[in-house]
Amino acid sequence: MQFSVKTGEPSSLHCTCLVAGVFEGGKLTPVAQILDKASHGYIGKVFKSGALEGRNGQTLLLFQVPGIAAERLLLVGLGAEKDSTLRAYRKAVHKATRALNDSGVKEAVFALPLLAIPGTDAYQRSRHAVEAAEDAVYRFDQCKSKLDHRKASLQKLTLLVNREDLRAAERGVHDGAAIAAGVALAKTLGNLPPNICTPGYLASEARKLAKGGKLKVTVLEEAQMKKLGMGALLAVTRGSRQPPKLIIMEYHGAAKDKKPFVLVGKGITFDSGGISIKPAAAMDEMKFDMCGAASVFGTMKAITEINPRINFTGVVPSCENLPDGNASKPADIITTMSGQTVEILNTDAEGRLILCDALSYAERFKPAAIVDIATLTGACVVALGNVVSGLLGNDDSLVKELLQAGEQADDRAWQLPLYEDYQDGLKSNFADFANVGGREGGAITAACFLARFTKNMRWAHLDIAGTAWKSGGEKGATGRPVPLLVQYLLDRA
Ligand code: BES
Ligand code: MN
Ligand code: ZN
């Protein structure tokens, strides 16, 4: 979609469709007041008739409103004025965009960014409008044999802003479009079927990103993993016919001697559980087990479009987890790149195994901070549901920065404790430690495992098992936590 910003008086704007917000209970926003006046009380009458209550996300499309130059007027509910938040704003934009798209409108002017939402500025309101609108029109249809020709009716959105906010709003549109492109890439990589989106496919995707000339890409093959002693990553890939890849993408936006921020994304392109095989129900959703990797790709895409002055390295360990005569077995003991030995008690706890070697490898970059992103545990979904990502780390300031970025980006995380006491769960009678603890506190013991490989770095871990995709009728990748990660990096520039 195309986005632009402009200034102007809402009632005299000539356009196909003007979109304005209304609060719940008939309280008009300043823009709606202007429109009400120009139309001699038409908007007020609509409320009185009960056709619209102003619930957040509720929409009503009106034609040829007297006194208003726009051909159509789409009113969208913002909810109660006292609950006026960034979230409610984004939801209103999302629903309005869907309504426009469904009604076949090709272009529209949004007056919503004019609204003064507490704690936001014009940059944020235009950025989030772009992000929410792009999220609303995203489709994954490349695997359908017939394309739906009704799709993508909406092509152009103009954001109405105050004159003094023009520059900030333009920046917001630019950054918002970059973030939305990153989110869309993460969604598409997640949605692709696992027979297409293999480790090799992800490696080619990295090379594609490098074509823009802003990235250095290195892909390590199995032979190099062996040389490096990555016994944990190699143990997971044993049952697969697809060659594993360790993908490294380097973006240099600051001086060469500045330490990079490093993101490490879990790239299991299909997780059957291995010999500790999963139940058949919903196993298809384990194609989403590379959504951590997808979020690193999406963040890389957004960053190369925004060009902030930072150094940023993405690391993606990628392979499949499948059963086979050659697959790893429960009770196998392997030696990780760090030299520590691990007893594999459950082959389905494979994410931490590929991540631990990738984290050890990443230590060579001397990260300013390192964050891994992984669909790591079902236990995290039990603890936090699908609303927030789990966040744990060994450095309080890093955890705070990530929590704040999540708030700013409307892509929130919630901290879980990482006390030393939880380490007891990983005890093994035969190796240094095991790859699983008991059922209790599973998201925390998984992080405890990773903590044993990141002692020398400022490290945090995002468990996105509950937030990376949706199940049910709207099954599909969400693109989270690309917005959080991009915000975190922009805040460091
Ligand atoms: N990829 C899964 C985690 C997962 C499961 C995410 C379901 C979202 C939904 C991970 O590799 C896994 O299988 N974890 C196990 C760990 C257990 C064996 C300790 C789990 O959560 O059951
Ligand atoms: Mn697993
Ligand atoms: Zn997994």
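This report describes two metal sites and a bound ligand in a predicted model.

## The manganese site

The manganese ion (ligand 2) is held by D271 (OD), D348 (O), D348 (OD) and E350 (OE). These donors lie at 2.1 to 2.2 Å. The site has 6 donor atoms, with angles of 70 to 166° among them. Its geometry is irregular.

Along the chain, the donors are spaced as D-x76-D-x1-E. Distant parts of the chain are linked here: D271 and D348 are 77 residues apart. D271 belongs to strand β10 (residues 267-271). D348 sits in the loop between β13 (341-343) and α10 (351-362).

Burial is given by relative accessibility. D271 has 3%, so it counts as buried, under the 20% limit. D348 has 22% and therefore counts as partly exposed.

## The zinc site

The zinc ion (ligand 3) takes its protein donors from K266 (NZ), D271 (OD), D289 (OD) and E350 (OE). Their distances from the ion are 2.0 to 2.4 Å. Around the zinc ion (ligand 3), 6 donor atoms subtend angles of 78 to 175°, so the arrangement is octahedral.

The donor spacing along the chain is K-x4-D-x17-D-x60-E. D289 and E350 are 61 residues apart, and this pair again links distant parts of the chain. D289 lies in the loop between β10 and α9 (291-306). E350 lies in the loop between β13 and α10. Both D289 and E350 are buried.

## The metal pair

The manganese ion (ligand 2) and the zinc ion (ligand 3) are 3.2 Å apart. D271 coordinates both. E350 also appears in each donor set: its OE is listed for the manganese ion (ligand 2) and for the zinc ion (ligand 3).

## Ligand 1

There are 16 residues around ligand 1. K278, D289, D348, E350 and G378 come nearest. By class, the shell holds 7 charged, 5 nonpolar and 4 polar residues.

Several side chains make polar contacts with ligand 1. A polar side-chain atom of K266 is 3.2 Å from an oxygen atom of ligand 1. For D289, an N or O atom of the side chain lies 2.8 Å from a nitrogen atom of the ligand. D348 places a polar side-chain atom 2.8 Å from an oxygen atom of ligand 1. On its own, ligand 1 has 510 Å² of accessible area, and the protein covers 76% of this.

Metal donors recur in these contacts. K266 and D289 are donors of the zinc ion (ligand 3), while D348 coordinates the manganese ion (ligand 2).

How values were computed
Residues numbered from 1 in each chain as written. Chains lettered and ligands numbered in written order. Predicted model: local features only at pLDDT ≥ 70, side-chain atom pairs only at ≥ 80, totals over all residues. Heavy atoms only, no water. Donors = N, O, S within 2.8 Å, 3.2 Å for Na, K, Ca; no water. Tetrahedral: all angles 85-135°; square planar, octahedral: opposite > 155°, others 65-115°. Helix = DSSP H or I, 4+ residues; strand = E, 2+ residues; numbered from the N terminus. Buried < 20%, exposed > 50% of the residue type's maximum accessible area, 1.4 Å probe, protein only. Near = heavy atom within 4 Å. Polar contact = N/O pair within 3.5 Å; in protein donor to acceptor, adjacent residues only side chain to side chain. Areas by Shrake-Rupley, 256 points an atom, 1.4 Å probe, with all protein chains shown as cover. Nonpolar A, V, L, I, M, F, W, Y, C, P; charged D, E, K, R; others polar.
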